[in-house]
Each structure stands twice: as C-alpha cells, then as structure tokens.
Amino acid sequence: MKEQDHMDQEYFAEAADIARPGAEPLIPLFPWPTRLRVSGLYVASRIVTPPIPAPGPLPIQPIPIAQPLPGIVPTSAAPWQIEELLPWGLLREELRLDVDGRYPQMMASGTLFGVLAKRVHWIARLTASGPYAWTGSIWFKDGDVAGFPYTTVDITTTTTFLASQRKAVVRLSGGGTAVRTRTLAFKSPYFRQVEFEFDCATGVTATTRIGTHDHPNRPATLPNETLSIEEVYRRVGFEVRKSGSDSIVPIGDAGTNARWSDNEMHDAMQVYWSRFAGKAQWSLWVLFAKLHDQGTSLGGIMFDDIGPNHRQGTAIFNDSFISTAPTGDANPAAWVERMRFWTACHEMGHAFNLAHSWQKQHPPDWGTPWIPLANEPEARSFMNYPYNVSGGQTAFFSDFAYRFSDNELVFMRHAPERFVQMGNADWFDHHGFEQASASPEPSLTLNLRVDRAQATYQFLEPVVLELKLTNIGSRPLVVEKNLLSMTEHMTVIVKKRDKPARQYLPFARYCHDQQAHVVMPGEFVTDSLFLSVGRNGWDIAEPGYYTIQIALHMETEDIVSDALTLRVAPPRGYDEEFLAQDFFSDDVGRILNFDGSAILRGGNDTLREVTDRLSDRAVAYHARIALAAPLARDYKVLDMGDRMGEMASAKEAGGRLRRSAPRIEEARQLYTSALLEKKEQAIATLGRTDYEYYLGRFRAALVEHGAVLKKEPRDMKRDAKREKNGDIEHTMRVIKEALSSLKDQEPVSR
Amino acid sequence: MLLHIALQEGFHHDDVRVLVDAREALVNADVTTRRQTGYAASVDVDVTRSPVVVEVVLSKRRVIQSHSVSVDRPTYLGVSLTPEGTLAWKTSHEPFGYL
C-alpha cells in the first residue's frame, strides 16, 4: 500500500508537471482524481494462502469465483480465491500491465510458470477498449509455446483504493482454441524487483543523486527535483532496494598503480559485494573508483563479462574524462556531477543487457540479437553517448529527460526474465529483441511446424521445418510466390539452451523470377527450411533443447514467428557417437543441404556408412535421398585434373566438364527405401513439403529412364486441386505403377 | 604532432594493419571490439607533416581503405567497421571517451 501511495503521488506530480500555461492538463488535478493507475504486476499462484480467520462460518474448500466475461468488471474476491483458479500443471502466472504511470508503453506481458521448469512468456501491444479495458495482439512468445496458441489478449482491471482488492481479468483467445480467462490479483505497482549495492574505492565519492536543475543546460520542462539512481530505475518499473551497506573497497585491491583492471574489479566484487553468488539474481554491484587500466579515456564499464554469470558488476571512474567539463561550460561542477550520475545509470543499463543506442544493428559475427534491431543514434537515452548525437553533448542534455528510450523500457519491463536478469543470459545475448518493426495488427502470421507430434529429433537427424504463412486478415494479400524460400528475406535464429543465439546462414541464396501470388483470407503458403547446417556450421547437432524463431522481412513490416522449441535426443549408442565425428562435417552438411554431390567423396562415404550401420534411424532417410539424387540422372562434374581443390580458374587448370552416367538401379533402390517403404516415418523426418518434392524427382527420374506412366483422362479441376494440395497418395501410386512398368523391361542403363 | 588512431566499433577477431603514409603503425592479428565500450585498440603516432594518409587493412575480410587526415594539431581518428563491411572514419580534436 505504501508503494502504491508513492506511485500515486508521483503520478499526480507528473500530471502537475505536464500541466503548462495554455495547455489543458491531461489529468484533472482537483477535485480528487477518479482515475487510479492500474499498471504493475498481477499474479495468480497455486500455492494456496489461507485467509485470515474471521468470525462466522468459513467454507471448508475455497470457492472459485465465477469466470468474468470480457468487459465486465468482476466482483471483488479474496486473493486466496483467485489463486485456486489456476489449472493443474501451472504453478504461477504473472501479468505485467503497462498502460499508465511513468512512460506507459501500452504493452502487457505474461509469464506462465509450469511444472518441470516449463514456462511460457508472451508480450502484446495494447489499445484501450474501455475505461479500464485493453485489447491487443500477442507479438512475441517464448518458451514452451506449443500449448499456447493464443494470438489476442483482452485485459480488464478493477480499480479500488484498496490495493489488495485490485484484479485483472486476462482473456486469451485466437489460435483456433478455446478462450482462456484468468483472474490475477494485483501485487505491486512495479513490474520487477532489483537491488543495488554502491561501493567506493578508498578516497572516492559516489554520485548517486543530483539536482536536475543544477546545470542550466536542460529541457525547459524538466521537473526540478533531487533525482537518485534508485528513482531512475523505479521509473523504469523496478522496485529498487539497496543490498547490504555501501562500503569502502581498499585501494590496495587495485594494485600498486591504483588503477583497476577488469579482473581486479571482479575479484573485489566477490569479496565486497554482500550479495555475490555464482547464479542469476536480480542484484547488481556498482563500484565507484578513480581510474581503469585503460586510463582517462574510460569513464565507466560493465566489466563483468567474465565467467558463467555475466552482468553482475559495473564500475564508474571518477578521475576519467567524465570529470572534465567542456571549456567555457556555464557550471563545470554541476556538469561533472551530472556526467558521473549519467555514467552510473548508463553502466548499470548494460547490466540489464542494454546495448548502446547505435549498436542494436550489427553484423552476425558479433552475436545475434533475438530479432533484427534498428539503431537509435539520436536517442536521448541513458544508453547513448551524449557527445555522439548531432549537436554534441550540449544538444543531448538540452533535450534529455533522465530516462531510457521506449524500446529499452519495453525490454527491461517485458522481455523474458532470463534476457534481462543479472547473471543470466550472457552480455549482448538477446539484448534487444523488441525492435523488430512488427505490426500491432499483422495481416499475416508465420508458423513453424514439424511433422511429428513432439518436436524431438533423434541424434544425427537433420531438422527440416515447415513454414506456414497464413493470411489472417480480411482482405486478399499479394505476396511473392517464392517468399518462403527466399532466405535473404529472413532472419533465422537458433538458440541452444544456455548458449548464445546463432543466426542460421544458408549455404546458398536463390534468385527467383518475381511472381505475384494472391493469398486469400484464411489461405496460406508453405515451404520447408533445412535448418541444421549452414555457413555457420552445424547450428543443431549436440543433444539438448533448441529454440528457433524466424523474422520474415516484408516491405513495410516484419512478421515474427512463434518460437519453436525442439529437442535433440542423446546418441543411442557407440555407433552414433562414433559416426558423429565424421557426420558433423562441412562436406556432409553441404551434401545434405544440396541433396547430393558426386564430388564430396568423403562425405558420401560417411552417408553410406550411415545407411549401413544406422539403417533404421531417421538420419538414414536423409542419407539415402542425398546418395540417390546424383545417381538418378546425368551428372556434370568440373574436372580440374591434378589441380582439384586449388584456387585456380578452370581455364588455367585445363579444366573440362565431365559427364557422369546415371546409375538408375542404385538410385531406384535408395529412393524406394527412403520414400516408399515407410511413408509416415519418411514424411516425419523429411517434412511433408520435401517429401513431395523428392517423390516428384523420383517420378521424373523413372520417366526419364523409360518408365511408362498410365494415361489418365484429363480432369482440370482434379489436377488443379492435386497441384494445390499436394496429392502424395496419387504420386506414390503413379510411382509404383512406373516401377511395375520398368520390371517388365530390360534394366535401363545409359 | 600527435595522431591518435582508435579502432572502435565492429571488429571481431580481425587481423588489422594500420599504415600512416605507408609506414606500419599498428599490427594486430586479433582485434575485437569490446561492446560495452565500443573500443577495440589504439595507437599514437607522432607525425611530422600534414596531411597524412592512413590506410587500414583487414586481411581476413579483404578490406583495404585509406583516408587523408590533416594533423596540424593533436588529432584523434576513430575507425569503425560498419555492418556493410566498409570502414567509417571519424576525426576529432578532443580525445575519445568510452563508457
């Protein structure tokens, strides 16, 4: 209640700040405002808290309250009743509602915590649909999302001066499943909790608060107040606490030169930080010292990218360039204090996994953000360098309101906990997924699917995804016919659990003739994506859990898929472990990706070994396809003679094209074994799209080598339907007839 | 006169050679930007004439670019590698600061 009072007071103060002469206040100040803020954290939990005993009879079992309808404010209910509404299998549920108060982002995010560490995280962009009601599309999902198909959220809050009686009714719908409605109890006006500890080296004073009007260069509308670092982060949405007592770190710990190296600071953190632990926690250590080893050019650093738990410690260097005011500055002392304060907030921002404003977009070899980012080089944010904007630091501070950018606020408030929490995701991993230009009301949705009940893959089994782009709008849409096979329009992220995310880089790009394709409302286009290996090497190989997400870049917006989590099982035995050493090679990756090679002999030998020793395993289907394809037709090989493998032009090396004759009988056996003998298993591992494609190639090869196809009466309507839907059964029947016709002939050899 | 050359954003295990008027000023086979600060490496060169031509060679990326810079007073030249794989140059007469 005390926290809420504080936030409400701040809210009114903010309203007073906004009210300017000549401008109508946005919020009526007097009489007492009727609108209370509702932003904050709402929870429901299966851990039943018994109510405080009260006179009179009590029900033996808690009675669940009726499920409220959207738009209807539910009647009050005690928290212990609300908690019972969670279904079995869910332990806890959170909602972060962000629609008013400081810097409202019109977002909601939720986390569902299940048994066995399962959790689902979602984020939606909201618009108001009533006085205390909001609606919006879910644009981000993370975690075990297979059982969370919802696309839309509607939220209704009850408002009362008693915080203990505030509630939010969350209605999730869409995705072709039943509506899910839950009531969550208000817990806090803050979204998350964090604690800070400020320690100083001997002889150094920490600047943890300033007067916002102390320096004359500032926005005319900036409120005059004493602002603390804690308050800056409270306005982000954190309930900030101080841990331990701020202490003095003896200068001896920095060595004889009194400058600090990263390792010295890391050691000091372990000794002097009262909360130090080798685990992720919402806790941060801030050291104020004189200088870093790098000298006066380093004003501060989030030094903790050492060891398994990054982002737990930062440092500010008071004797660096941040203590040198520009020549002729109107108030040099205030300038220095402001710069030290700003630097502390900036370095602490890195500990929340925020990158610099200009670093959000970068090459893949830097590591991979969750989805593509846009730079904010002119942002008036704690995460930008003041002297790098147009007009320099003077322009920056004249327009700086001691805050983070909207995108950074969304990240800190709503991103999955592990992206933001100190000691969790590595520094720069997932540092700003929030900036894809996804539409709040997308007309297309991209789904990632696998042709199996559970997304579990055998060890060595390549992963082939099915991509499905559906028109969920009400109007026909024109898209590129080959949009889903144009990987240059996609960013594909593969993230192994506890490892940094990687961007899948395909071996080849295909240039298609542009062809428009109309997708009617409710219709979709599909394609496959062979994902295990690319120019980055084998992105999916080791046993474990992987999360995959794709952003499809359209002309005006990005379509971001749901995240798909899949599991690679451990090796079945010695044979698989042994073969893996040769299998996870670049050659085998290329052969599988390009459906065969007549040149990469070592890789082909490995695949033959796979078909012999692991003939019943899923990987054998892929191996047979890759071995069959080059055998099924004339194959041209550039023969460079003795200079094979050298970087030389074909002309210089005397190269010539050599034709390799088909070995149709071997191809026929391999294709038959891969495609016809166990159809369901083949579809599950190759994917339906690729399975159909391989069937077509098999049929074409048979025809080319003399098979006679049975003539069927033409039926335009039926043929069109077959073409559109892919008629596997029909193609298989045709192939079997073709094989029969070949049996009646001499073996074909050309 | 001081010419400070700082390798800043975008480097990732790069093999870098920096030449000032064709004389080698910095050779480092493994330059990586520290993303907390946007700083990778630097060198101070005492130059006796102005302007000078600074050439940066990134052998693994097959990037060679040069830039003419006046050094009639202490000069600070920042070199960054852009996402497009080209070099961006920034000249200042104030020392660079990193945060």
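**A short tour of chains A and B**

Hi everyone, let's start with a sheet in chain A: three strands in the order β19-β21-β26, forming an open sheet with antiparallel pairing. Its edges are β19, residues 444-449, and β26, residues 524-530, and each of these chain A strands pairs on one side only. From one strand to the next, the twist averages 20 degrees. Before going on, please keep in mind that this is a predicted model.

Let's look at one pairing in that sheet. Strand β21 of chain A, residues 464-471, runs antiparallel to β26(A), and seven bridges join the two. If you want a place to put your cursor, try V464(A), whose bridge partner in β26(A) is F530(A). As a quick reminder, strands of a sheet pair through backbone hydrogen bonds, either parallel or antiparallel.

Now to the surface of chain A. Which residues form a nonpolar patch there? They are V478(A), V518(A) and M520(A), with about 260 Å² of accessible area together. V518(A) sits in strand β25 of chain A, residues 516-519, and V518(A) is partly exposed because its relative accessible area is 46%, between the 20% that bounds buried and the 50% that bounds exposed.

Next, a helix with two faces. In α9 of chain A, residues 574-583, the buried residues include E576(A), L579(A), A580(A) and F583(A). Why do they lie on the same side of α9(A)? Because they cover an arc of only 120 degrees around the axis. On the face turned away from that buried side, you will find the exposed residues Y574(A) and Q581(A).

Salt bridges come next, and a search of the whole structure finds 34 of them over all chains. Let me show you two within helices of chain A. The first example is E231(A) with R234(A), where the closest N and O atoms are 3.4 Å apart. Both residues lie in helix α3 of chain A, residues 229-236, three residues apart, which is about one turn of the helix. E231(A) is buried, at 9% relative accessible area, while R234(A) counts as partly exposed at 24%. This pair also belongs to a network of salt bridges that links E225(A), E231(A), R234(A) and R235(A).

The other example is R613(A) with E609(A), at 2.6 Å from N to O. These two are in helix α11 of chain A, residues 601-613, four residues apart, again about one turn. Here R613(A) is partly exposed at 31% relative accessibility, and E609(A) is partly exposed at 27%. The spacing makes sense: an α-helix has 3.6 residues a turn, so residues three or four places apart point the same way.

Finally, let's turn to chain B. How many helices and strands does chain B have? Zero helices and eight strands. Of its 99 residues, 48% are buried. Four strands make an open sheet in the order β4-β1-β7-β8 of chain B, with mixed pairing. The edge strands are β4, residues 41-46, and β8, residues 87-92, of chain B. Strand β1 of chain B, residues 2-7, pairs with β4(B) in the antiparallel sense over six bridges, and L2(B) stands opposite D46(B) in β4(B).

My last stop is a salt bridge between D21(B) and R49(B), at 3.0 Å from N to O. It links distant parts of the chain, 28 residues apart: D21(B) is in the loop between β2 and β3 of chain B, and R49(B) is in the loop between β4 and β5 of chain B. D21(B) is partly exposed at 26% relative accessible area, whereas R49(B) counts as exposed at 51%. Thanks for listening!

Definitions and conventions. Residues numbered from 1 in each chain as written. Chains lettered and ligands numbered in written order. Predicted model: local features only at pLDDT ≥ 70, side-chain atom pairs only at ≥ 80, totals over all residues. Heavy atoms only, no water. Pairing = 2+ DSSP bridges. Axes fitted to C-alpha atoms, helices over the stretch in contact; angles between N-to-C directions. Patch = residues over 30% accessible without salt bridge, like charges linked within 9 Å, V, L, I, M, F, W, Y side chains within 5 Å. Areas by Shrake-Rupley, 256 points an atom, 1.4 Å probe, with all protein chains shown as cover. Salt bridge = Lys/Arg side-chain N within 4 Å of Asp/Glu carboxyl O. Buried < 20%, exposed > 50% of the residue type's maximum accessible area, 1.4 Å probe, protein only. Arc of directions from axis to C-beta.
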